Amino acid sequence: MITLKGENIYLRALEPNDLEFVYAIENDQSIWEVSNTHTPYSRFLVKQYLENAHQDIYEAKQLRLAICQDEDFPAVGLIDLFDFDPKNNRAGVGIVIQSATNRNQKIGSEALDLLIQYAFYNLNLHQLYANISTENEASIALFTKFGFEKIGVKKDWTFVNNKYKDEAVFQLFNHSF
């Protein structure tokens, strides 16, 4: 079981009691744009997902961790490694902080820092990437703070609220390779 501790937060594996939290995030239409979600998830499907969340990243090709502020367990967000490609040593990164009141408090920064360290030094990944809407200034600032560089823009990539939006691709390389 993975637990990564930072100064003010920790990342932990998902637990069965995260059902309502994950269900709420997956069904929050205001964040569907960043998660590429198009339809709601049932509690049954989320429960099934949580029952299989123990799978190794090499088997599942993804790792989702809960972002927590204290030891009494409640999650405030999720951070993911997805599209894990062990042959080419790369993965995508996604992060969401559920409540607007928990944003801009350095929670995302600390979580991203912990995940980068884990990806580069435990999984020995060569690179991480993130797909971010060009309008999402907060996420762009977060990722560029850690050295992610914009390598391109996918024009009219996502259709949101009856209009097309551009999506930028950011990469971070592990220079210890």
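**Residue Q48 and the overall fold**

Q48 is found in helix α3, which covers residues 43–51. The model described here is predicted. The relative accessibility of Q48 is 36%. This residue therefore counts as partly exposed, because the class lies between the buried limit of under 20% and the exposed limit of over 50%. L19 lies 29 residues from Q48 along the chain. The C-alpha atoms of Q48 and L19 are separated by 9.8 Å.

The helix that holds Q48 belongs to a mixed set of elements. In total, the protein has six helices and eight strands. Their order along the sequence is β-β-α-α-α-α-β-β-β-α-β-α-β-β.

The overall dimensions were examined next. The C-alpha trace spans about 45 × 40 × 35 Å along its principal axes. The radius of gyration is 16 Å. A compact globule of 177 residues would have a value near 16 Å, so the two agree.

Contacts and burial describe the interior. Of the contacts between residues at least 6 apart in sequence, 56% join residues at least 24 apart. Buried residues account for 43% of the 177 residues.

The surface and the charges complete the description. About 10,200 Å² of the protein is exposed. Carbon and sulfur atoms supply 49% of that area. The protein carries 16 positive and 24 negative charges. The mean positions of these two sets of charges are 4 Å apart.

Technical notes. Residues are numbered from 1 along each chain as its sequence is written. This is a predicted model: local features need pLDDT of at least 70, side-chain atom pairs count only at pLDDT 80 or more; totals for chains, interfaces and linings use all residues. Side-chain values use heavy atoms; hydrogens and water are left out. Helices (H or I, at least four residues) and strands (E, at least two) are DSSP runs, numbered from the N terminus. Buried means under 20% relative accessible area, exposed over 50%, partly exposed in between (1.4 Å probe, protein chains only). The radius of gyration is taken over C-alpha atoms; the globule rule is 2.2 Å times the number of residues to the power 0.38. Contact means heavy atoms within 4.5 Å. Accessible areas come from the Shrake-Rupley method with a 1.4 Å probe; for residues, only the protein chains shown count as cover. Lys and Arg count as positive and Asp and Glu as negative; His and the chain ends are not counted. The place of a charge is taken as NZ of Lys, CZ of Arg, CG of Asp or CD of Glu.
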